[in-house]
Amino acid sequence: MPDSLVPVFQLYGETRQWPTPDLLHCESIPERSRRHDWRIRPHRHADLCHLLYLAEGRVTLELEGGGRSLEAPQLIVVPAMSIHGFHFSPDTQGHIITLSRPLVERLQARLDSQSGVLSKPDAHALGTTRHHGRIATLVEQIDDEYRHPAQGRSHLLEALMEALTIETARLAETAARQPSRARPRQRDKAREHLQAYQTLIEAQFSQQPGIEHFAEQLGVTSAHLNTLCRRLAGRSALQLLHERLLLEAKRQLTYTNLTIGEVAEGLGFSEPAYFTRFFKRLTGLPPKDFRRRQEADAADRRQQ
């Protein structure tokens with residue numbers, strides 16, 4: 001299927017915006033798949049990575065042009081930009097953990113070569129492997145922490161993801177010793193350019209350089225950069241930069257005591273008023289109201 005015809009989702013099976021200031025999203029497979037008659041049509045994400053833990057049931061998986069039927073237990077890795085689709089059996093149980101690009105890059109910085117498993121689309125049969133019990137426990141702990149936030153939530157979620165990434169890398173290493181089998185196709189040059197652009201965004205977003213500056217660093221024109229972003233990510237180059245700024249703004253408003261002015265200055269806005277207009281345009285709420293809502297939501301969850 002041509003890239004231009006593949007829908008770009010911003011969350012598992014959805015076009016809606018990333019719903020949380022967290023760098024990670026976790027939910028059970030039935031929570032969303034049941035609403036779609038257990039079928040998620042082929043799509044891709046420009047800047048999200050999935051880990052699916054299939055505890056029970058089966059799935060027909062389409063991953064980078066290859067299709068196969070898989071029986072639980074399985075751990076499926078879907079990197080950013082990989083075309084993927086699922087058709088689950090109605091008795092499926094398990095979880096899907098979605099990682100934002102900033103979290104993937106943090107894991108890459110901390111774990112070095114072991115984080116490479118997050119960039120390789122594949123499905124790993126767990127069966128009676130020694131990794132299964134530990135992977136199942138880590139997924140359960142991530143889900144519990146995600147649903148019941150407490151002090152230190154962000155740090156604990158990242159620590160659990162580090163452990164899960166290491167276990168996944170070990171699992172993949174074990175599988176690599178088995179007889180070779182067909183692997184999904186590799187990325188093309190346009191995808192590599194998009195990935196490089198996203199890496200530059202992660203390193204420079206708080207400085208808010210112009211798109212021309214990014215394009216120059218990539219060795220392409222700004223028009224070409226915009227074209228490939230729209231084709232592969234469904235958004236312009238500027239929108240991708242703004243989405244990263246917005247995510248960081250949400251995180252700082254939620255998890256720090258910085259004033260609105262301090263958040264604005266740290267993200268490269270010359271005036272707090274400019275930041276407020278930017279934030280309200282993209283969320284519908286002024287920063288102060290967003291912060292109050294997050295505080296109220298956190299208090300409600302603590303009482304549950």
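This report describes a predicted model, with attention to its confidence, to strand 8 and to residue D91.

## Confidence of the model

Across the chain the pLDDT averages 87, and 88% of the residues score at least 70. Residues 1–5 stand apart from this picture in that their pLDDT stays under 50, although the model has 8 contacts for them beyond four places in sequence. Where pLDDT is low, the predicted coordinates should not be read in detail.

## Strand 8 and its partners

Strand 8 covers residues 93–100, and because 7 of its 8 residues are buried, this strand is largely enclosed by the rest of the structure.

Strand 8 pairs with strand 1, which spans residues 24–28, in the antiparallel sense over 5 bridges, and within this pairing T98 of strand 8 is the bridge partner of H25. Strand 8 also pairs with strand 3, made up of residues 48–56, again in the antiparallel sense and over 8 bridges; here L99 of strand 8 stands opposite C49.

## The loop before strand 8

D91 is found in the loop between strand 7, which runs over residues 84–88, and strand 8. Its relative accessibility is 44%, a value that lies between the 20% limit for buried residues and the 50% limit for exposed ones, and D91 therefore counts as partly exposed.

Leaving aside residues up to four places away in sequence, D91 touches E56, G57 and R58. R58 lies 33 residues from D91 along the chain, while the C-alpha atoms of these two residues are separated by 8.1 Å. The side chain of D91 is also joined to that of S89 by a polar contact of 2.4 Å.

Note on methods
Residues numbered from 1 in each chain as written. Predicted model: local features only at pLDDT ≥ 70, side-chain atom pairs only at ≥ 80, totals over all residues. Heavy atoms only, no water. pLDDT = per-residue confidence, 0-100. Contact = heavy atoms within 4.5 Å. Buried < 20%, exposed > 50% of the residue type's maximum accessible area, 1.4 Å probe, protein only. Helix = DSSP H or I, 4+ residues; strand = E, 2+ residues; numbered from the N terminus. Pairing = 2+ DSSP bridges. Polar contact = N/O pair within 3.5 Å; in protein donor to acceptor, adjacent residues only side chain to side chain.
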